[in-house]
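Here's a quick tour of one fold, starting with its sheet and moving on to its helices. Have a look at the model first.

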Amino acid sequence: MFELAWPWIFLLAPLPWLLRLLLPPADSGDAALRVSFLGELQALSGRRARAGLPSWRQQAPLALLWLLLLCAAARPQWVGEPLPLPASGRDLLLAVDVSGSMAYEDMHWDEQPISRLELVKRLLGDFIEDRRGDRVGLILFGSQAYLQAPLTFDRHTVRTWLDEAMIGIAGKNTAIGDAIGLAVKRLRQRPAQSRVLVLITDGANNGGEIDPMVAAQLAAEEGVRIYAIGIGADPRQSGVLGAFGFSALDLDETSLRAIAEATGGEYFRARNQAELTQIELTLDRLEPVAQQPTLARPAKALYAWPLALALLGSVVLAGRTLWPDLPLRLRRRA
C-alpha cells in the first residue's frame, strides 16, 4: 500500500508564491532598451522576435520541480502487510559490579593475568550477543547503581556499553541492594514469567540505601528471579593480598546465596575462566517465555524517484539558461 509518512509537508506548497509577493523584486543590474521600430528590424532580419512566455508557462517548470521536491520530502513509501516479529524470550538485566576491588588481576585469560572486570567483559560480551529474542539491559553499580542500558533488542549496543565500563565509575563501594532495587523497578512492568536479573559482584554489600535482603524480598514479590555470580579467585590460589595481609576477596557468599534462593534463582561461584564459562552455559539453558509477538510492516522508501526527476529537471532548466541557442544550432547542423 502506498502512503506518505509526512503528508503535512505539502502545506509548504504555497511558500514560493508567498515569498514572491512579500519580497521585493530582484534587480538583475542589466539595462533595458525599448525600441519603437521592432517591426522594421523583424522585416529586415526575416525573423520574428520571440516574445516572453506567459507567466504560467514560465512558472510551470519551476512549480513542477518544487512539487517533486515536496513529494520526496514527504517520504513516499510502499508499506507491506503486517508481519509478526519473534519476541519470545526473557527480559534479562545484567547488574555488573564496577567497584574498586574489580580491578584485582587474580583472573586469567589465555594464561595471562587480567582483572575481574576484564574477564566479565570478555565472557559476558559473547553471552549478550547470543541472547537472540531476549531483551537485554545493563546496570553498573558501585557506591550507587545506574542504568547504563535499558531493556532492548539491540544487543550490540549493550555489549558496547559493557566494554566501555570503567572501574570506579559508580563509586568505590558495593551497593548490591540498590542494584537489585533498580532492576526490580525496570523489570516490574514486563511479563511476570520473564523477569531475570543476573547479578555479578566480587564483594559484600557496604554501600547504598537498601538492604540486599529487603531488595531480594521485593524482587520475589515482583516475580524477578536473581542469578547471583560471585567472582574472584580463592586467596590461596591467586596470591593477591590486601594491606596488612587481608585477602583481596571480600565475597559474602552467604548473603548472595540467600538472595538467589529468596527469588527462586541460583548462586554460582566463579573462581576462574572455566567456571564462569560453565555458568554462562547454565544460564543459557533458562527456558524462554513466549510473549506477545510484535507486528511490524515492512516499508520500502520511494523518495529517490521524485528526487531524481527533480534533479533531472533542474539540469534541463540550467542547460536552457546557459545555452539558450543550443537547440537552434543543433537543428542547423542537422
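## The sheet

First, a ground rule: two strands count as paired if DSSP finds at least two bridges between them. This is a predicted model, and in it 6 strands make up an open sheet with mixed pairing. Reading across, the order goes β8-β7-β4-β9-β10-β11.

The edges belong to β8 (145-152) and β11 (267-270). Each has a single partner strand, so one side of each is left without a neighbour in the sheet. From one strand to the next, the twist averages 15 degrees.

## The β4 and β9 pair

Strands of a sheet pair through backbone hydrogen bonds, either parallel or antiparallel. Which sense do β4 and β9 take? Strand β4 (residues 91-97) and strand β9 (residues 195-201) go for the parallel one, over 6 bridges. If you want a spot to click on, A95 stands opposite L199 in β9.

## Helices across the strands

Helix α5 (residues 155-163) lies across β4, β7 (135-141) and β8. Its direction is at about 15 degrees to β7.

Helix α9 (residues 253-262) lies across β9, β10 (225-231) and β11, and runs at about 140 degrees to β11.

## Helix α6

How does the span of α6 (residues 176-187) hold up? At 1.5 Å a residue, its 12 residues should span 16 Å, and the end C-alpha atoms are 17 Å apart, which agrees.

Then there's burial: 10 of the 12 residues of α6 are buried, so the helix is largely enclosed by the rest of the structure. Among the buried residues are I176, D178, I180, L182, V184 and L187.

Methods
Residues are numbered from 1 along each chain as its sequence is written. This is a predicted model: local features need pLDDT of at least 70, side-chain atom pairs count only at pLDDT 80 or more; totals for chains, interfaces and linings use all residues. Side-chain values use heavy atoms; hydrogens and water are left out. Helices (H or I, at least four residues) and strands (E, at least two) are DSSP runs, numbered from the N terminus. Axes are lines fitted to C-alpha atoms, for helices over the stretch in contact, and angles run from 0 to 180 degrees between N-to-C directions. Contact means heavy atoms within 4.5 Å. The expected span of a helix is 1.5 Å times one less than its number of residues. Buried means under 20% relative accessible area, exposed over 50%, partly exposed in between (1.4 Å probe, protein chains only).
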